[in-house]
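Trainee: Please take a close look at one part for me: the charged side chains and what surrounds them. Keep it brisk, and give the cut-offs as you go.

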Amino acid sequence: MEWREKYSVGHSEMDDDHKQIFAMVDSFSASLLAGDGPDRLNTVFDELLNYMDVHFIHEVSHMKEIGYPNLFYHVTMHEKMVEKLRRLYDQHKLDDASSVVAEDMAEFLENWWYAHILTEDMSYKEFAESR
């Protein structure tokens with residue numbers, strides 16, 4: 001995933017979190033392409049999930065701080081994404097670390113993050129800038 005200025009939400013902590021998540025998604029994809037075994041893929045993926053949890057806490061805190069009115073909806077979007085990702089991850093483990101499911105996970109992560117930042121996160125950026 002390539003970071004571009006258009007992904008900036010105007011808050012350095014959120015931008016730094018997003019950059020780190022992009023790098024972690026890249027690391028997962030690189031492990032997948034390198035043919036790393038399931039242990040390595042699972043480790044990289046677990047680290048990504050843990051970091052996403054931390055990021056979501058940061059983001060919710062920021063949205064509360066600015067009084068963002070769509071906080072509940074935004075949190076619901078996060079929860080739905082994590083739920084889908086965990087289902088894919090569980091399927092990945094059940095299929096004996098199927099590379100097809102891992103590829104689906106990588107594609108889902110990239111698509112979701114790009115779309116989420118450009119739509120949902122830009123919404124709280126616009127709200128913060130309007131205040």
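**Charged side chains and their surroundings**

Mentor: Arg4 is partly exposed, with a relative accessible area of 40%. Buried is under 20%, exposed is over 50%, and partly exposed lies in between (1.4 Å probe, protein chains only). This is a predicted model, where local features need pLDDT of at least 70, side-chain atom pairs count only at pLDDT 80 or more, and totals for chains, interfaces and linings use all residues. Residues are numbered from 1 along each chain as its sequence is written, and side-chain values use heavy atoms, without hydrogens and water.

Start with the partner of Arg4. The side chain of Arg4 meets that of Glu2 in a salt bridge, at 3.6 Å from N to O. The term needs a side-chain nitrogen of Lys or Arg within 4 Å of a carboxyl oxygen of Asp or Glu. Glu2 sits in the segment before α1. Helices here are DSSP runs (H or I, at least four residues), numbered from the N terminus. Glu2 is partly exposed, with a relative accessible area of 48%. Setting aside neighbours within four places in sequence, Glu2 is in contact (heavy atoms within 4.5 Å) with Tyr7, Phe22 and Tyr114. Now take a long-range pair. Glu2 and Val100 are 98 residues apart along the chain, and their C-alpha atoms are separated by 23 Å.

Tyr7 comes up again at Leu118. Leu118 belongs to helix α4, residues 99-130. Beyond residues up to four places away in sequence, Leu118 touches Lys6 and Tyr7. At 36% relative accessibility, Leu118 is partly exposed. From Leu118 to Lys80 is 38 residues in sequence and 17 Å in space, C-alpha to C-alpha.

How many salt bridges does a search of the whole structure find? It finds three. The pair of Glu2 and Arg4 is one of them. Asp53 with Arg86 is another, the closest N and O atoms being 3.9 Å apart. Asp53 lies in helix α2 and Arg86 in helix α3, so this pair ties together parts 33 residues apart in sequence. Both ends have some solvent access: Asp53 is partly exposed at a relative accessible area of 30%, and Arg86 is partly exposed at 36%.

Then there is a pair within one helix. Arg87 forms a salt bridge with Glu83, with 3.1 Å between the closest N and O atoms. Both residues lie in helix α3, four residues apart, about one turn of the helix.

Next, the packing around Asp53 and Arg86. Helix α2 (residues 38-66) and helix α3 (residues 71-94) pack at about 175°, with their axes 11 Å apart. Axes are lines fitted to C-alpha atoms over the stretch in contact, with angles from 0 to 180 degrees between N-to-C directions. The two helices are therefore roughly antiparallel to each other, a label for angles over 145 degrees. From α2, the contact includes Asn42, Asp46, Asp53, Glu59 and Lys64. From α3, it includes His74, His78, Arg86, Tyr89, His92 and Lys93. Phe45, Leu49 and Met52 of α2 are among the others, as are Val75, Met81 and Leu85 of α3. By class, this contact has 13 nonpolar, four polar and six charged residues. Ala, Val, Leu, Ile, Met, Phe, Trp, Tyr, Cys and Pro count as nonpolar, Asp, Glu, Lys and Arg as charged, and the others, Gly among them, as polar.

Asn42 gives a view of that contact from α2. Asn42 lies in this helix and counts as buried, at 18% relative accessibility. Apart from residues up to four places away in sequence, Asn42 touches Tyr89, His92 and Lys93.

Two acids remain. Asp36 lies in the loop between α1 and α2. Asp36 is partly exposed, with a relative accessible area of 29%. Not counting residues up to four places away in sequence, Asp36 touches Ser31 and Leu41. The C-alpha atoms of Asp36 and Phe127 are separated by 43 Å, with the two positions 91 residues apart along the chain.

Is Asp17 buried or exposed? Asp17 is buried, yet has no salt bridge. Asp17 lies in helix α1, residues 12-33. The nearest side chain of opposite charge is that of Lys19, 11 Å away. Lys and Arg count as positive and Asp and Glu as negative; His and the chain ends are not counted. That rule matters for reading the next list. Outside residues up to four places away in sequence, Asp17 touches Tyr51, His55 and His58.

Key: Angles under 35 degrees count as roughly parallel, over 145 as roughly antiparallel, 65 to 115 as roughly perpendicular and the rest as oblique.
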